[in-house]
Structure formats: structure tokens, C-alpha cells
Amino acid sequence: ADTAFGRVSVISGSCSLARIGDEFSAVHGDIDQARRHAAMEADEEAAILYHRYLKRATSEAFPEVHSLNIIYRCGLDYLRRPTVALVGCRVPSVAFYESLLLYFIKVVDPICERGGYALVYFHANTTHQPSFGWMRRAYRILPQKYKRNLKAVYVVHPTFWVSMTVAMVRPFVAEKFWEKVYMVHSVAQLHNYVSAEDIQVPHEVLRYEGGSSPSPSPSPSAALAMPSAKRSTD
């Protein structure tokens with residue numbers, strides 16, 4: 001074959017391209033395999049961490065978390081699902097979130113073992129928000145049953161911080177999750193989804209709402225989901 005400068009033959013050129021293609025495929029395959037291996041290792045590490053957390057959660061009482069009443073069980077939401085409340089303004093410091101995660105596991109694990117549940121998050125006057133890194137880590141640690149069986153998240157009195165957090169977290173969370181998120185702007189709206197008899201609204205939230213302009217209450221069938229999200233009925 002003539003391989004003089006400027007005159008590469010069709011045969012030698014084809015062989016070179018084929019060899020480059022094979023090398024690229026091999027490298028690309030190695031990268032994909034490395035990514036899969038890294039993902040498997042991360043999943044295994046998360047599972048080990050969760051079992052450590054679960055062991056602590058079931059063996060300790062966490063009296064400080066319990067006394068602050070940050071996380072507590074409620075009744076049923078409008079689709080008869082067990083509901084858990086989380087009161088953001090009662091978190092005393094950012095460092096407290098580690099104990100809070102353990103207590104969340106203690107309360108929620110027996111519920112999600114049996115099926116679906118809903119979460120009500122009261123955000124009013126929250127001053128100690130968790131970091132993005134902590135939220136991502138917590139999401140990784142909690143196993144699939146927590147995410148699969150979480151059927152609704154009612155965010156009461158959302159703020160700009162909530163919107164910014166959603167924007168940052170969204171790329172790392174399955175899109176289907178956002179179909180379960182409802183932005184609720186008043187206690188009256190919340191009662192369309194969880195009746196007054198089924199949830200104890202924190203006095204801090206009632207005091208906050210007493211000093212703010214109440215939002216109009218929608219009809220019970222009005223969706224309060226985030227933009228582009230569909231109403232979840234499962």
C-alpha cells in the first residue's frame with residue numbers, strides 16, 4: 001500500500017480507523033465498567049451505613065429529639081395513609097440533623113415496612129436548614145423502601161430557600177419524586193389533605209400564620225403540586 005506523505009491508501013486508512021475505533025470502544029467500555037463498579041460500591045456503602053443507623057435508631061431513645069417534638073406521628077391523610085410531621089423551626093442547630101436522621105428512621109421505618117406514608121414538613125420560621133451535602137447523603141443512606149412508599153410530601157409555608165433547594169436537589173432525585181411534592185401556603189390548605197383531627201399543627205406555625213396574610217383556600221380537588229408535577233393518587 002502506498003503510504004507516502006499526503007497519499008494514504010484506502011486500505012491502510014481503513015485499518016487505522018478500525019484500530020482507532022476498537023481502542024475507543026475499549027476505553028469507553030472501561031469507563032462504563034468503572035462507573036458501574038463505583039455505583040455498586042456506593043450502594044454497598046450506603047446499605048452498610050443504613051444498617052448501622054437502623055441499629056442505633058432501634059436501640060436508643062433519643063430523649064432530646066423526642067422532647068423537642070420535631071418529628072411525630074399523626075393520623076391519616078385524605079387517602080388514608082399514615083402521616084408523619086417534621087417541624088423545621090424546632091431544630092436547635094445544624095449539628096442536630098444527624099440525631100434527627102436517626103430519629104426519623106426510628107419513627108418511619110416501621111411505617112414504610114407496612115406500605116405507603118405521607119410527610120408534612122412545616123417550614124415556617126426555620127433558621128437551621130440542612131446543608132445540600134447532608135441532604136444528598138441522607139437521600140443516599142435511606143433505602144428504596146423509604147422513597148418508594150413515600151406517597152406525598154406536603155411542604156407548609158415554603159420560602160425562597162425551599163425553591164432554591166429544590167433547584168439544587170432536583171438533578172440528583174428521580175423525576176417521579178417531584179410528582180409527590182405539594183406546596184401548601186396555609187394551614188387551611190393543609191386541612192384539605194390532612195384533617196384537623198388527624199394532625200397537631202405546631203403552635204409556632206399557628207403563631208406565624210396569625211401574623212401573616214392568609215392564602216385563599218382551594219377546593220379539596222385542587223392540586224397543590226409544584227409546576228409541571230401531576231397530582232399523585234397512589
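**Exercise 1.** At 35% relative accessibility, does Arg137 count as buried, partly exposed or exposed, and what does the residue pair with?

*Solution.* The model is a predicted one. Buried means under 20% relative accessible area and exposed means over 50%, with partly exposed in between; at 35%, Arg137 therefore counts as partly exposed. The next step is to look for a partner, and the side chain of Arg137 meets that of Glu98 in a salt bridge, with 3.6 Å from N to O. Glu98 lies in helix α3 and Arg137 in helix α4, so this pair ties together parts of the chain that are 39 residues apart in sequence. Glu98, with a relative accessible area of 29%, is partly exposed.

**Exercise 2.** Find which residues of helix α4 are buried, and work out how they are arranged around its axis.

*Solution.* Helix α4 covers residues 132-141, and Met135, Ala138 and Ile141 are buried there. Viewed down the axis of α4, the buried residues fall within an arc of 130°, so they line one face of the helix.

**Exercise 3.** Compare the surroundings of two glutamates of helix α8, Glu204 and Glu209.

*Solution.* Begin with Glu204, whose side chain forms a salt bridge with that of Arg90 at 3.0 Å, N to O. Because Glu204 lies in helix α8 and Arg90 in the loop between β2 and α3, the pair ties together parts that are 114 residues apart in sequence. Glu204 counts as buried at 16% relative accessibility, and Arg90 counts as buried at 14%. Turn then to Glu209, which is buried yet has no salt bridge, the nearest side chain of opposite charge being that of Arg207, 13 Å away. The side chain of Glu209 does, however, reach the backbone nitrogen of Val187 at 2.9 Å.

**Exercise 4.** Classify the ring pair of Tyr78 and Tyr193 and that of Tyr154 and Tyr182, and locate each pair in the chain.

*Solution.* For Tyr78 and Tyr193, the ring centres are 5.3 Å apart and the planes stand at 85°, so the pair is edge-to-face. Tyr78 belongs to the loop between β1 and β2 and Tyr193 to the loop between α7 and α8, so the pair ties together parts 115 residues apart in sequence. Tyr78 is partly exposed at 30%, whereas Tyr193, at 1% relative accessibility, is buried. For Tyr154 and Tyr182, the centres are 5.5 Å apart with the planes at 35°, so this pair is tilted. Tyr154 sits in strand β4 and Tyr182 in strand β5, 28 residues apart, and both are buried. As a final step, ring pairs link Tyr78, Tyr154, Tyr182 and Tyr193 into a cluster.

Definitions and conventions. Residues are numbered from 1 along each chain as its sequence is written. This is a predicted model: local features need pLDDT of at least 70, side-chain atom pairs count only at pLDDT 80 or more; totals for chains, interfaces and linings use all residues. Side-chain values use heavy atoms; hydrogens and water are left out. Buried means under 20% relative accessible area, exposed over 50%, partly exposed in between (1.4 Å probe, protein chains only). Helices (H or I, at least four residues) and strands (E, at least two) are DSSP runs, numbered from the N terminus. The arc is that of the directions from the helix axis to the C-beta atoms. Rings of Phe, Tyr and Trp (its six-membered ring) pair if their centres lie within 6.5 Å; planes under 30 degrees apart count as stacked, over 60 as edge-to-face and the rest as tilted. Lys and Arg count as positive and Asp and Glu as negative; His and the chain ends are not counted. A salt bridge is a side-chain nitrogen of Lys or Arg within 4 Å of a carboxyl oxygen of Asp or Glu. A polar contact is a pair of N or O atoms within 3.5 Å; within protein, one must be able to donate a hydrogen and the other to accept it, and residues adjacent in sequence count only if both atoms are side-chain atoms.
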